[in-house]
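Thanks for coming. I have one structure to go through today, so let me put it on the screen.

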Amino acid sequence: MTDSGSLADRWREARPPAAGLHLDSAACSRQSFAAIDAAAQYARHEAEVGGYVAAQAAAPTLDAGRAAFAALTGMADADVVYTTGSLHALDLLLGSWPAERRTLACLPGEYGPNLAVMAAHGFDRQLLPTLDDGRLALDDAAFALEADPPDFVHLTSVASHSGVVQPISMIAKLCHELGLPLVVDAAQALGQVDCAVGADVTYSSSRKWIAGPRGVGFLAVRPDLTPRLQPRLAAPEWSGVFTVAQQLEFGEANIAARVGSSVALGEYLAFGPEAMRARLAELGSIGRSTLADVPGWAVVEEAEEPSAITTLAPLDGADPQAVREWLLAERRILTTYAGVQRAPLEMTGPRLRISPHADTTAEDLETFAEALIAATAATAA
């Protein structure tokens, strides 16, 4: 059990009051005063001295963000690249991947937009075997990967449509034994589960559990793999010497948002990753217990899943999209509508998702349960 009161109070006091009940952190968390102020101060500095001079002055802050991301992913020696988000990071990686067989292994519950990026870059998929809850079946996966090894394994640690936590450390060990690179999509995982698992590539966004601004992400690549990448926007010979990581980061960028993200990462580390993960898992357990008996809905995850996310599958014709809209309009409760496009190879129907952050209370979750009952009744066909 965490010192939940102290941590929750400090997390709440560090940011503006919510205009309602925010249960949508797996989509976009609430930024802190410090992250907002840092981005604003940088923007002011640009106006005072010029954008490129300000960016040069901000280099140590940006490097601190890279170091913080590397620390949270257990990739201290990695090349860390700023991106505009997780999907951009995957696009950069796959667009730079050497032209080999272009096959990858992933789960049937893979994020729909990720599947689109994989297809756009000409990758064939090998679907890994799973258990009934969508969790990787490790022994069967080991047999499949050894029998027909792909170029690499792509594992989404926590999916967009489910709070089930994949056994990422075990698959990392398996991939190492088989000599297969492991690419981890940590978009939903970073900050709520341990992502220091020994992956070869890890990417994520800033806006979810880390509570940074939108429009910023990170791509971390082990230094022994980086030289194999062939950036689409490669530096010509006459332009000077640039590393692969620098070439991947070519292009215009919102430096103010990156500064805010760096500050958010620093704040998260100051709160303590273990304490934060424990608090979020605790909230997930409370939420699932609170919602277990709400009529018209079935909780997807096991009660003790180490995740803050709770997804609710509708029963008896409940409409997740209509319920989500009613909750926001009538009770100012922000949740997520999860349509089948989030995992088109696995989902058979839409769901409602909640994702409370550290400042959520048990009373908040009870308030949501009562509102969900009202919303279900109000939107019934």
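Asp133 is partly exposed, because its relative accessibility is 33%. Its side chain meets that of Arg135 in a salt bridge, with N to O at 2.9 Å. Please keep in mind that this is a predicted model. Asp133 also comes up in the lining of the largest cavity, so I will return to it below.

Staying with salt bridges, a search of the whole structure finds 10 of them. Asp63 and Arg66 form one, at 2.8 Å from N to O. Both sit in helix α4, and because they are 3 residues apart there, about one helical turn separates them. Asp63 counts as partly exposed, since its relative accessibility is 44%. This pair is part of something wider: salt bridges with shared partners join Asp63, Arg66, Glu249 and Arg258 into one network.

Another salt bridge pairs Arg222 with Asp77, where the closest N and O atoms are 3.2 Å apart. Arg222 is in the loop between β8 and α9, and Asp77 is in the loop between α4 and β2, so this pair ties together parts that are 145 residues apart in sequence. What about accessibility: is Arg222 buried or exposed? At 15% relative accessibility, Arg222 counts as buried. Asp77, by contrast, is partly exposed, with a relative accessible area of 47%.

Now the empty spaces. The largest pocket holds about 520 Å³. Which residues lie nearest its centre? They are Arg66, Glu249, Gly251, Ile255 and Arg258, out of 20 residues that line the pocket. Arg66, Glu249 and Arg258 are also members of the salt-bridge network. Five helices, α2, α3, α4, α9 and α10, each supply at least two lining residues. Helix α4 gives the most, with 4 residues.

As for enclosed space, there are 2 cavities of 30 Å³ or more. The largest cavity has a volume of about 100 Å³. Its lining includes Asp133 and Gly134, along with Leu107, Glu110, His161 and Glu346.

Next, the database record. UniProt, in an unreviewed entry, annotates residues 23–368 as "domain: Aminotransferase class V". In the model, the end C-alpha atoms of that span lie 9 Å apart, and the span is 40% helix and 14% strand. The unreviewed entry also lists Lys208 under "modified residue: N6-(pyridoxal phosphate)lysine". Where is Lys208 in the model? It lies in the loop between β7 and β8. Lys208 counts as buried, because its relative accessibility is 7%.

Ala211 is in the loop between β7 and β8 as well. Its phi is positive, about 65°, although Ala211 is not a glycine. Ala211 counts as buried, at 2% relative accessibility. Asp316 is another residue other than glycine with a positive phi, near 60°. Asp316 is in the loop between β10 and α12. At 79% relative accessibility, Asp316 counts as exposed.

Last, the surface. Leu233, Phe242 and Phe250 form a nonpolar patch there, with about 260 Å² of accessible area together. Leu233 is in the loop between β8 and α9, the loop that also holds Arg222. Why does Leu233 count as exposed? Its relative accessibility is 54%, and the cut-off for exposed is over 50%.

That is what I have. Questions, please.

Note on methods
Residues numbered from 1 in each chain as written. Predicted model: local features only at pLDDT ≥ 70, side-chain atom pairs only at ≥ 80, totals over all residues. Heavy atoms only, no water. Patch = residues over 30% accessible without salt bridge, like charges linked within 9 Å, V, L, I, M, F, W, Y side chains within 5 Å. Areas by Shrake-Rupley, 256 points an atom, 1.4 Å probe, with all protein chains shown as cover. Salt bridge = Lys/Arg side-chain N within 4 Å of Asp/Glu carboxyl O. Buried < 20%, exposed > 50% of the residue type's maximum accessible area, 1.4 Å probe, protein only. UniProt positions renumbered as here; feature names shortened; annotations may be inferred. 1 Å grid on protein atoms, 1.4 Å probe; cavity = no way out; pocket = protein on both sides within 12 Å on 5 of 7 lines; lining within 4 Å. Points joined across faces, edges and corners; volume = space filled by probe spheres on them.
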